[in-house]
Amino acid sequence: MSAAENVDTAGLKRGIVIKDDWPGYSLDLFTYPEHYHEDIENVYIPHGIIKNRIERLAHYVMEDFEEDQMVVLCVLKGGYKFCVDLVEFIKTLGRNSNRYLETRVEFIRLKSYLVGDSKNDQSTEDLHIVGSSDLSFLREKSVLIVEAIVDTGKTMKALLKHVETFQPKMVKVAGLLVKRVPNTAESLTDYIGFEIPNRFVVGYALDYNEYFRDLNHICVISKTGKLKYKI
């Protein structure tokens, strides 16, 4: 049996596991917007590692989506960088192979915040779709939902239930980050970039009250940052 036959490809799709005691990288090793210097503790996942992992996820998507067309449903706002990079890698793979996977990208914005505290880091399972909730264009289509971060999965469960009402041919979920929390929704996510502890992370389009989206790296927000940008 070859080494390749010993590789659990399903396991590889489950993500790179970052342990609970991972301290991250010193801020001195990387460049980042200077005005965030006191607002982040460390660089948790550097931009280059993020991009490399997304390229690997693109390979898995190409292998699993057997048809020539796919609808990518990007969950805004946090998922847009992940979506852009994933789709670009899929296109690059297609240009360099004998199979091109045509991608149609659509966007959906969700609200699942706690009633009465619509900001900061509190959320509930209530799903509200901002804008049109008509996803009839998904009927009989192969669909990839792209989300930046999944924790308990209550929002993702609600979204999947809504998507299924439009009778798509197939639905898979790509999550850049999946948090290890009680009742985690890892099983809902088909392609995982990184499995991380329950840390509050920002950057790479992940925000705290609309700040930090301009960070290229994924970083852990500091207590100072939380206080400064709290609403």
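Visitor: Why is Y25 called partly exposed?
Guide: Its relative accessible area is 29%, and buried means under 20%, exposed over 50%, with partly exposed in between (1.4 Å probe, protein chains only). The value falls in between, so Y25 is partly exposed. F30, with 23%, is also partly exposed. Please note that this is a predicted model, where local features need pLDDT of at least 70, side-chain atom pairs count only at pLDDT 80 or more, and totals for chains, interfaces and linings use all residues. Residues are numbered from 1 along each chain as its sequence is written, and side-chain values use heavy atoms, leaving out hydrogens and water.

Visitor: What makes Y25 and F30 an edge-to-face aromatic pair?
Guide: Rings of Phe, Tyr and Trp (its six-membered ring) pair if their centres lie within 6.5 Å; planes under 30 degrees apart count as stacked, over 60 as edge-to-face and the rest as tilted. Here the centres are 5.7 Å apart and the planes 70° apart, so both tests are met. The structure holds 7 aromatic pairs, and ring pairs link Y36, Y211, F212 and Y229 into a cluster.

Visitor: How do you know that K226 lies over the face of F200?
Guide: The test asks for NZ of Lys or CZ of Arg within 6 Å of the ring centre and within 35 degrees of the ring normal. K226 is at 5.0 Å from the ring centre, and it is listed as lying over the face of F200.

Visitor: Which residues does L86 touch, not counting residues up to four places away in sequence?
Guide: L86 touches I54, L57, A58, L144, V146 and A174, where contact means heavy atoms within 4.5 Å.
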